[in-house]
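Subject: Structure handover

Hello,

Here is the structure for you to work with. My notes come after it.

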Amino acid sequence: MKIKKGSRVSFHYELRDEEGNVIDSTFDAEPVIYIQGEGEIIPGLEEFLEGEEPGFEAKLTLPPEKAYGPVNDDLIVFAGPDNFDDNVQIEVGSAVETEDPDGEIVTFRIISIEEDKVYLDGNHPLAGKTLNYRVEVLEVH
């Protein structure tokens, strides 16, 4: 059976950055299961898998526009240290959650701290990056 809109797909992947470092892999874990056409995986990967069958194996390179998008400078903001709850660790690399105006939880990463400003990045950690995948389709229903 070929992958088409509405198919339930099970697949393994290995994700590497531009330098060839492994970022994530499911080959030694549970496979990813998603519904084709529902936007549950990144657009470029979903497009690439359309029409393929169990047993399909391939490598692909996705530019940011087909993966997690370009870096959005509007999602890089700053706040004063007094804007954080006492239980929040204010250090570079820490994640901070807050609510947007619609009540949705938004996660920011602390990217730098300068005197009285804490700079936060709300972009996905892989935004702006070219990603290299190796995929193997296991099942299609």
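Below is what turned up, by topic.

First, a caution: this is a predicted model. Please read every value below as computed from that predicted model.

**Annotation**

The UniProt record, an unreviewed entry, carries the annotation "domain: PPIase FKBP-type". The record places that annotation on residues 6–96. In the model, the end C-alpha atoms of residues 6–96 are 35 Å apart. Strand makes up 32% of the span and helix 8%.

**Aromatic pairs**

The count is five aromatic pairs. One of them is Phe11 with Tyr13. Their ring centres are 6.1 Å apart, and the planes meet at 40°. That pair is tilted, because a tilted pair has planes neither under 30 degrees nor over 60 degrees apart. Both partners are on the inside by the accessibility criterion. Phe11 is buried, at 1% relative accessibility. Tyr13 is buried too, with a relative accessible area of 13%.

Phe78 and Tyr119 make another tilted pair. Here the ring centres are 5.7 Å apart and the planes stand at 50°. What does this pair tie together? Phe78 belongs to strand 5 (residues 76–79), while Tyr119 belongs to strand 8 (residues 117–121). The pair therefore links parts that are 41 residues apart in sequence. Tyr119 is partly exposed, with a relative accessible area of 22%. That value misses the buried class because buried requires under 20%.

There is also an aromatic cluster. Its members are Phe11, Tyr13, Tyr34 and Tyr133.

**Charges over rings**

Phe78 appears again here. The charged end of Lys117 sits over the Phe78 ring, 4.6 Å from the ring centre. Lys117 is in strand 8. Lys117 is partly exposed, with a relative accessible area of 31%. So Phe78 has Tyr119 as its tilted ring partner and the charged end of Lys117 over its ring.

A second case involves Arg134. Arg134 lies over the face of Phe27, at 4.0 Å from the ring centre.

**The largest pocket**

Its volume is about 160 Å³. Which residues line the largest pocket? They are Ala79, Asn83, Phe84, Asp85, Val88, Val96, Glu97, Thr98, Phe108 and Leu120. By class, six are nonpolar, two are polar and two are charged. Strand 6 (residues 95–99) gives the largest share of the lining, with three residues.

**Distances along and across the chain**

Some C-alpha separations may help you get oriented.

- Leu49 and Val9 are 40 residues apart along the chain, and their C-alpha atoms are separated by 9.5 Å. Leu49 lies in helix 1 (residues 43–49). Leu49 is buried, with a relative accessible area of 0%.
- Glu52 and Val96 are 44 residues apart in sequence and 39 Å apart in space, C-alpha to C-alpha. Glu52 is in the loop between helix 1 and strand 4 (57–62). Glu52 is partly exposed, with a relative accessible area of 23%. Val96 is one of the residues lining the largest pocket.
- Gly69 and Glu114 are 45 residues apart in sequence, with 28 Å between their C-alpha atoms. Gly69 is found in the loop between strand 4 and strand 5. Gly69 counts as buried, at 14% relative accessibility.
- Lys117 and His141 are 24 residues apart along the chain, yet 51 Å separates their C-alpha atoms.

**A backbone point**

Where is Glu115 placed? Glu115 is in the loop between strand 7 (105–114) and strand 8. Its phi is near 50°, a positive value in a residue other than glycine. Glu115 counts as exposed, because its relative accessibility is 80% and exposed means over 50%.

Best wishes

Definitions and conventions:
Residues are numbered from 1 along each chain as its sequence is written. This is a predicted model: local features need pLDDT of at least 70, side-chain atom pairs count only at pLDDT 80 or more; totals for chains, interfaces and linings use all residues. Side-chain values use heavy atoms; hydrogens and water are left out. Rings of Phe, Tyr and Trp (its six-membered ring) pair if their centres lie within 6.5 Å; planes under 30 degrees apart count as stacked, over 60 as edge-to-face and the rest as tilted. Buried means under 20% relative accessible area, exposed over 50%, partly exposed in between (1.4 Å probe, protein chains only). Helices (H or I, at least four residues) and strands (E, at least two) are DSSP runs, numbered from the N terminus. A charge sits over a ring if NZ of Lys or CZ of Arg is within 6 Å of the ring centre and within 35 degrees of the ring normal. On a 1 Å grid over the protein atoms alone, a cavity is a set of points where a 1.4 Å probe fits but cannot get out, and a pocket is an open set with protein on both sides within 12 Å along at least five of seven lines; lining residues have an atom within 4 Å of a point. Grid points are joined across faces, edges and corners, and a volume is the space filled by probe spheres set on the points. Ala, Val, Leu, Ile, Met, Phe, Trp, Tyr, Cys and Pro count as nonpolar, Asp, Glu, Lys and Arg as charged, and the others, Gly among them, as polar. UniProt positions are given in the numbering used here, feature names are shortened, and annotations may be inferred rather than shown by experiment.
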